[in-house]
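Hi,

Here is the structure I promised to pass on. Have a look at it first, and then read my notes underneath.

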Amino acid sequence: MQLRTTYPGFVNAVNLYFDKLVSVVQPLMFESGGPIIALQLENEYGSYAKDDEYMPFLKNCLQSRGVNELLLTSDNWEGLRYRSIEGVLKTLNLQRLSFGAIQHLACMQPQKPLMVMEYWAGWFDVWGEGHHVFHAEDMLGVVSEILERGVSINLYMFHGGTNFGFMNGAMDFGTYKPQVTSYDYDAPLSEAGDYTTKYEVLRDLFSRYNSEPLPEVPSPQERRAYEPVFTQQYLSLWDSVQFTDKPCWSERPINMENLPVNNNNGQSYGYTLYETTISSGGALNSGNNIRDRALVFLDRQYVGCLDCKTHEIMLPEAEGKRTLAVLVENCGRVNYGKALNNQRKGIVGDIVLNHTPLRGFNIFCLDLKPSFIKRLSSSGQWKTNFQSLPVPGFFQAKLIVDGPLKDTFIKLPDWGKGVVFVNGQNLGRYWFIGPQHFLYLPGPLLRSGENQIIVFEEEKVDGKILFSENPDYGKTIDVYKLPFCSLL
């Protein structure tokens with residue numbers, strides 16, 4: 001597959017997608033009396049730009065299906081250099097008014113409307129770094145100038161929201177960095193829908209451009225810090241694999257996407273467990289073939305972690321044959337840049353022990369889909385002996401809710417790294433390294449009475465699950481003080 005090109009396999013997928021998409025949105029077009037006045041062909045393709053025929057192909061995809069509204073492209077400063085598509089309006093993405101970007105766009109398209117398609121109201125976060133903040137006064141100065149120049153603007157993000165499940169994504173400009181679960185983005189509306197100072201100053205600014213008074217804002221939603229709950233049952237990773245699909249045996253490691261699971265469509269997200277037999281200790285080297293992070297076990301005892309930075313660990317010597325298990329996590333697929341086309345997860349090549357490639361693997365798909373969680377929760381094999389808590393493992397607790405179902409934030413301050421499921425819904429990942437130290441739990445995911453919470457924990461269990469009315473974003477980074485190039 002060659003993404004974002006006219007490679008036949010990708011073209012076929014795009015055509016199938018547009019067949020469905022256009023049939024849905026066609027009645028909503030402006031010419032049909034609907035609200036859609038423009039469509040963006042692609043997003044920041046100028047920063048990718050592998051195929052000059054690709055954007056004209058997308059234009060034809062829409063127009064040949066009866067789309068007659070204005071067509072747009074959207075690019076940052078770097079991407080603006082990519083060639084124009086006839087009859088398609090270029091728009092700009094930015095956070096600062098640097099390099100004369102708006103004037104440059106005006107010169108490229110004289111006598112055409114100017115628009116900042118993505119005005120970055122904040123920035124996203126990655127694990128192990130700080131929470132990005134972009135102060136309201138800095139933002140207000142830029143937005144005011146954009147409006148004074150008569151340029152249209154779209155806020156990215158106005159409401160950041162949440163990367164529920166495994167949808168967090170990642171960035172890679174030479175170093176792979178997975179993004180956190182929260183996409184709060186320091187946006188005018190917070191992850192839980194709260195009005196922020198940014199919201200207030202923007203509302204005041206926009207009101208000056210509106211002839212009618214703005215409507216009153218709705219009252220903020222109340223949240224609730226539910227009482228702490230404690231894990232009551234657990235099931236080790238090793239006991240849980242019986243609820244996965246039948247394991248695949250392979251002489252060599254198979255990457256996640258090529259596993260014969262999910263009707264031979266492969267595995268997309270989650271974890272993959274590789275087991276093989278060894279008869280010696282020594283240097284286990286991944287050759288950078290782990291995507292993206294792996295916990296390594298000998299006879300179910302943890303011995304080390306392999307990732308994009310650590311490629312080798314030492315295995316202790318012992319007599320006889322032993323089971324080596326490698327639990328690999330897909331930490332998030334890269335969503336921007338040249339690395340987009342190289343996203344294969346799991347073990348993507350040989351791993352070697354004392355320079356000899358390992359062979360003969362049993363491979364388990366642990367994509368942690370709702371069907372798996374349902375089988376797991378109803379299995380009747382959960383244990384209650386808490387003298388020894390095995391990790392990795394699944395830990396179950398019950399939250400009793402009386403009264404109105406309100407939003408809350410889950411906090412696991414003394415846990416390690418893992419995933420939380422509430423009533424079967426994957427809330428996303430948590431990790432003690434931060435910056436995010438909570439998971440947003442919307443009230444509609446709860447039900448009156450008993451609610452099931454399952455935590456998949458990789459490293460360290462506390463057993464206590466806390467709830468809070470407010471999030472904890474951890475240490476912060478001022479976006480406005482970062483070098484401009486670090487944002488691209």
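Contact here means heavy atoms within 4.5 Å. Keep in mind that this is a predicted model.

With that cut-off, start at the N-terminal end with helix 1 (residues 8–25) and helix 2 (residues 54–63). Their axes come within 10 Å and cross at roughly 30°. Angles under 35 degrees count as roughly parallel, so helix 1 runs roughly parallel to helix 2. The crossing of helix 1 past helix 2 is right-handed.

As for who touches whom: helix 1 brings Phe10, Val11, Val14, Asn15, Phe18 and Val22, and they meet Tyr54, Phe57, Leu58, Cys61 and Leu62 of helix 2. Sorted by type, the residues of this contact are 10 nonpolar and 1 polar, with no charged ones.

Next, a sheet. It is open, has 4 strands in the order 9-29-24-27, and the pairing is antiparallel. Strand 9 (229–230) and strand 27 (439–441) sit at the edges; each has a single partner strand, so one side of each lacks a neighbour in the sheet. Strand 27 pairs with strand 24 (residues 408–411) in the antiparallel sense, over 3 bridges. If you want to find that pairing on screen, look for phenylalanine 409, whose bridge partner is tyrosine 440 in strand 27.

Last, an annotation. UniProt, in an unreviewed entry, lists residues 266–366 as "domain: Beta-galactosidase 1-like first all-beta". In the model, that span is 50% strand and 0% helix, and the C-alpha atoms at the ends of residues 266–366 are 12 Å apart.

Cheers

Terms used. Residues numbered from 1 in each chain as written. Predicted model: local features only at pLDDT ≥ 70, side-chain atom pairs only at ≥ 80, totals over all residues. Heavy atoms only, no water. UniProt positions renumbered as here; feature names shortened; annotations may be inferred. Helix = DSSP H or I, 4+ residues; strand = E, 2+ residues; numbered from the N terminus. Axes fitted to C-alpha atoms, helices over the stretch in contact; angles between N-to-C directions. Parallel < 35°, antiparallel > 145°, perpendicular 65-115°, else oblique. Left-handed = near helix turned anticlockwise from the far one by under 90°. Nonpolar A, V, L, I, M, F, W, Y, C, P; charged D, E, K, R; others polar. Pairing = 2+ DSSP bridges.
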